[in-house]
Amino acid sequence: MSRQIKCWLKAGYCVQKELFPTNEGTPQGGVISPLLANIALHGMENRIKQYAETLKGRKEHNRDALSLIRYADDFVIIHKDLNVVKQCQEIIAEWLSDMGLELKLSKTKLAHTLEKVEGNVGFEFLGFHVQQYKSGTYRCANSTNGKPLGFNTLITPSKAKVKLHLAKIAEVIDTHKTAPQAALIGRVNPIIRGWSNYYSTVSSKMTFNKVDNLTYDKLRAWARTRGKGSINKDKYWRTVSDRNWCFSTEDGMELLTHENTPIVRHRKVKGESSPFDGNWIYWSKRRGESPDTPSRVASLIKKQKGICTHCGLYFTNTDIVEVDHIKPTSLGGKDTYNNLQLLHRHCHDTKTKTDGSMHSKESAKTLLG
């Protein structure tokens, strides 16, 4: 294992077909860095749980009340008592010192998600800002016992990440002042798509609208520069389908917008549920609510309650499923939900052989899992 990791560290990295050696440290963005962090910090969660058992009260309750959430070398410790969190900080600092590591003071902060502590409200984690906001009895969140908590918890993109994202878009626009519009769109679209998808599971709608407005202002400046002080709106902005003022080319290449990314809340897997536990009703329904599943497939999964209408069996996490027209379009069937069903691929093939639609089989496929 040591030899393998050493070879990995010494492998170097390539930029534009040029090899750069790595004689020390780890390449920025390389997958070896989080791997080594996970190896080095393995056991941190157990150390915190051991401390939780020493607190007053039931051990099981104390273990559940004290949480450490870690991703590589970033972690958050959560507990209702600030003194417990401070004690955890000292325990972690001592635990790290045995390996020659120490907490970075500039990134270590004590915060409360509702009240100010040391000037901080809420906390940043993995590019997200987590904070609670006071609200009325009928609009606030409820506890597990159904009692009103008096606040709602919102997770939003952090201001620092929004600022960094806007700077990246601005940089691309500035470096494409003389490039064709299509080249600019092709360069910016992957940036918008990736960033929007990352934040599509939290409260990002207002942030998406704000970023789109600022991007529009930057594109106006780009157009003004190319027009020598004037903006030819009809040349760069068009009405495309249901979108007005769409930054697009004559041949239909469009600039993506953040606000068109659907916000789909992530739902935590219940208890000890596993894709291998055989509960295909739960997993089919969950898959239907996943942001990775096309909306049409998700709707059909819910409508059919996770069951293939041809064979009557539940869809599993490894099944390939296909959308089928109950009455083939070649025979006058309409492309509406009332005429659609979800089938296993082999069930679809069997049905196609007998319904006269051999040449009208829909090509859209998706893999459950």
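**Helix packing in a predicted model**

Hi everyone, thanks for coming. The chain averages a pLDDT of 84, and 90% of the residues score at least 70. As those scores suggest, what you have in front of you is a predicted model, so please keep that in mind as we go.

Where is the confidence highest and lowest among the elements of the chain? Helix 6 has the highest mean pLDDT, at 94, while strand 12, residues 365-367, has the lowest, at 45. Across residues 359-369 the pLDDT is below 50, although that stretch still has 35 contacts in the model beyond its near neighbours in sequence. Where pLDDT is low, the predicted coordinates should not be read in detail.

Now the overall picture. The chain has 369 residues, and 34% of them are buried. Its secondary structure comes to 12 helices and 12 strands. If you take the contacts between residues at least 6 apart in sequence, 52% of them join residues at least 24 apart.

Let's turn to helix packing. Two packed helices are described by the angle between their axes and the distance between the axes. I'll start with helix 6, residues 159-174, and its partners.

How does helix 6 run relative to helix 7? Helix 7 covers residues 181-198, and its axis comes within 10 Å of that of helix 6, with a crossing of roughly 170°. The two helices are therefore roughly antiparallel to each other. From helix 6, the residues involved are Lys161, Val162, His165, Lys168, Ile169, Val172 and Ile173. On the helix 7 side they meet Leu184, Arg187, Val188, Ile191, Ile192 and Trp195. By class, this contact has 9 nonpolar, 1 polar and 3 charged residues.

The other partner is helix 8, residues 205-226. Here, too, the axes come within 10 Å, and they cross at roughly 20°. That angle makes helix 6 roughly parallel to helix 8. The crossing is right-handed.

Which residues of helix 6 meet helix 8? They are Val162, His165, Leu166, Ile169, Ala170, Ile173 and Asp174. Facing them in helix 8 are Thr207, Val211, Leu214, Thr215, Lys218, Leu219 and Trp222. The residues of this contact divide into 9 nonpolar, 3 polar and 2 charged. If you like to follow individual side chains, try Ile169: this residue is listed in the contact with helix 7 and also in the contact with helix 8.

Next, a pair earlier in the chain. Helix 3, residues 44-52, and helix 5, residues 82-97, have axes that come within 11 Å and cross at roughly 135°. That makes helix 3 oblique to helix 5. Their crossing is right-handed. Met44, Arg47, Ile48 and Tyr51 of helix 3 make the contact with Val84, Gln87, Cys88, Ile91, Ile92, Trp95 and Leu96 of helix 5. By class, we have 9 nonpolar, 1 polar and 1 charged residues there.

One last stop, a single residue: Leu36, which sits in helix 2, residues 32-41. Is Leu36 buried or partly exposed? Its relative accessible area is 26%, and buried would mean under 20%, so Leu36 counts as partly exposed. Leaving aside neighbours within four places in sequence, Leu36 is in contact with Ile5, Leu9 and Thr26. Leu36 and Ala72 are 36 residues apart along the chain, and their C-alpha atoms are separated by 8.4 Å.

That's my tour, thanks for listening!

Note on methods:
Residues are numbered from 1 along each chain as its sequence is written. This is a predicted model: local features need pLDDT of at least 70, side-chain atom pairs count only at pLDDT 80 or more; totals for chains, interfaces and linings use all residues. Side-chain values use heavy atoms; hydrogens and water are left out. Axes are lines fitted to C-alpha atoms, for helices over the stretch in contact, and angles run from 0 to 180 degrees between N-to-C directions. Helices (H or I, at least four residues) and strands (E, at least two) are DSSP runs, numbered from the N terminus. Angles under 35 degrees count as roughly parallel, over 145 as roughly antiparallel, 65 to 115 as roughly perpendicular and the rest as oblique. A crossing is left-handed if the near helix is turned anticlockwise from the far one by less than a right angle, and right-handed if clockwise. Contact means heavy atoms within 4.5 Å. Ala, Val, Leu, Ile, Met, Phe, Trp, Tyr, Cys and Pro count as nonpolar, Asp, Glu, Lys and Arg as charged, and the others, Gly among them, as polar. pLDDT is the predictor's confidence in each residue, from 0 to 100. Buried means under 20% relative accessible area, exposed over 50%, partly exposed in between (1.4 Å probe, protein chains only).
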